[in-house]
Amino acid sequence: MSASAPVVAVVGATGAAGGTVLRVLAERAFPLGELRLLASERSDGAVLQFGDASLTVRPVSDATLDGVDIAFFAAGALTSRRHAPAVAARGGAAVDKSSAYRMDPEVPLVVPEVNAATLAGHRGIVANPNCVTIPLTVVLAPLHRAFGLRHVTLATYQAASGAGRDLVAELALQERADAEGSEPVATVYPHVLHGNVVPGGWRMHGADTDEEVKIIAETRRVLELPELPVSVTTVRVPVAVAHSAAVWVELDSRADAAAAREVLAAAPGVVVVDDPESQRYPTPRSVAGTDDVQVGRIRVDTGRENGLALFFSADNLRKGAATNAVQVAELLLAG
Ligand SMILES: NC(=O)c1ccc[n+]([C@@H]2O[C@H](COP(=O)([O-])OP(=O)(O)OC[C@H]3O[C@@H](n4cnc5c(N)ncnc54)[C@H](OP(=O)(O)O)[C@@H]3O)[C@@H](O)[C@H]2O)c1
């Protein structure tokens, strides 16, 4: 692979996560020998802008991936399972945003701020955690190093874009319908999201949502704490971009708010926004469009031994997806 001019493909370039990969590649001046935009047959011939260039989208196939050094996969697990192994077999690297390989012990599951060392010895496929697990582990890893984690509880507030471009479009239509006094329609999601809060919409695994199961398993894997108790309820909220979560942790040793703030302020990727008297705390609006994980409302939780409570927000399309993937690719190029 040429580190200065790699052949790069973005699979799912027409989607919410893939489109953000394009933006982040341009912003970070990622070295590009060639850039291929790939998606399904539906998008064949569509033209997307990348900087000053107009690039034509092609269907993903063995032929369109031939000779690719780095392929970003953001087109669902089936597409990754079908095509990522071929990229790896031909000596390239697949950086996968889907859930396909996240729990495969042969595939590292990487958040660069937390476990970049696990990239060593990868076999051509690198998985990225889901868009809640990434910011959650960016926040939990420094707390674990400083105080030891015993238990994590969280409730999420997840944006529409986490479910893809179609739910963002549906939310906008529903907002307009509500403003005009007509009945909003839900076809993408099981409930009208506008003016609502929905504790579901994911596939179910028994009593738990698919998202809850992923957050528990992926958080344990990234933190290398296979027994860590994680309690989670996932909720979709009528926000276009940026996921948030209220988090309660039980620690091995007692930490007051000032000590926790100090640890978090020094952690890579974390920005402490914590002055509630002045109405300063993380919000989806303030973090959207950035790569930060904003953390605030940091306080002792007197309801449990050595307890801390906090709230975070992070852009699910950037740090939760594209930025994390591009950071991984930068590490791959650096060797
Ligand atoms: N949205 C997020 O916040 C987020 C965060 C982390 C991970 N992810 C992951 O990223 C992936 C894409 O999610 P998204 O939210 O970006 O969805 P999306 O907005 O609905 O976009 C889906 C993309 O996948 C492409 N695609 C669908 N089926 C395909 C197929 N059979 N072959 C090739 N391309 C196909 C679509 O191409 P067409 O335009 O041709 O249909 C489109 O580019 C998923 O695996 C998701 O889990 C998303």
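Me: What's the class make-up of the shell around the ligand?
Reply: Happy to help! That shell has 11 nonpolar, 15 polar and 4 charged residues. Here Ala, Val, Leu, Ile, Met, Phe, Trp, Tyr, Cys and Pro count as nonpolar, Asp, Glu, Lys and Arg as charged, and the others, Gly among them, as polar. Do note that this is a predicted model, where local features need pLDDT of at least 70, side-chain atom pairs count only at pLDDT 80 or more, and totals for chains, interfaces and linings use all residues. Residues are numbered from 1 along each chain as its sequence is written.

Me: And which residues are closest to the ligand?
Reply: Gly15, Ser40, Ser43, Ser98 and Gly164 are the closest of the 30 that surround the ligand. A residue counts if its C-beta atom, placed from the backbone, lies within 6 Å.

Me: Which helix gives the largest share of that shell?
Reply: That's H1, with 3 residues. Helices are DSSP runs of H or I with at least four residues, strands are E runs of at least two, and both are numbered from the N terminus.

Me: Switching topic: how many helices and strands are there in the protein?
Reply: There are 9 helices and 15 strands. The radius of gyration, taken over C-alpha atoms, is 20 Å, close to the 20 Å from the globule rule for 335 residues, so the protein is as compact as a globular protein of that length. That rule is 2.2 Å times the number of residues to the power 0.38.

Me: What box do the C-alpha atoms fill?
Reply: Roughly 60 × 55 × 40 Å, along the principal axes.
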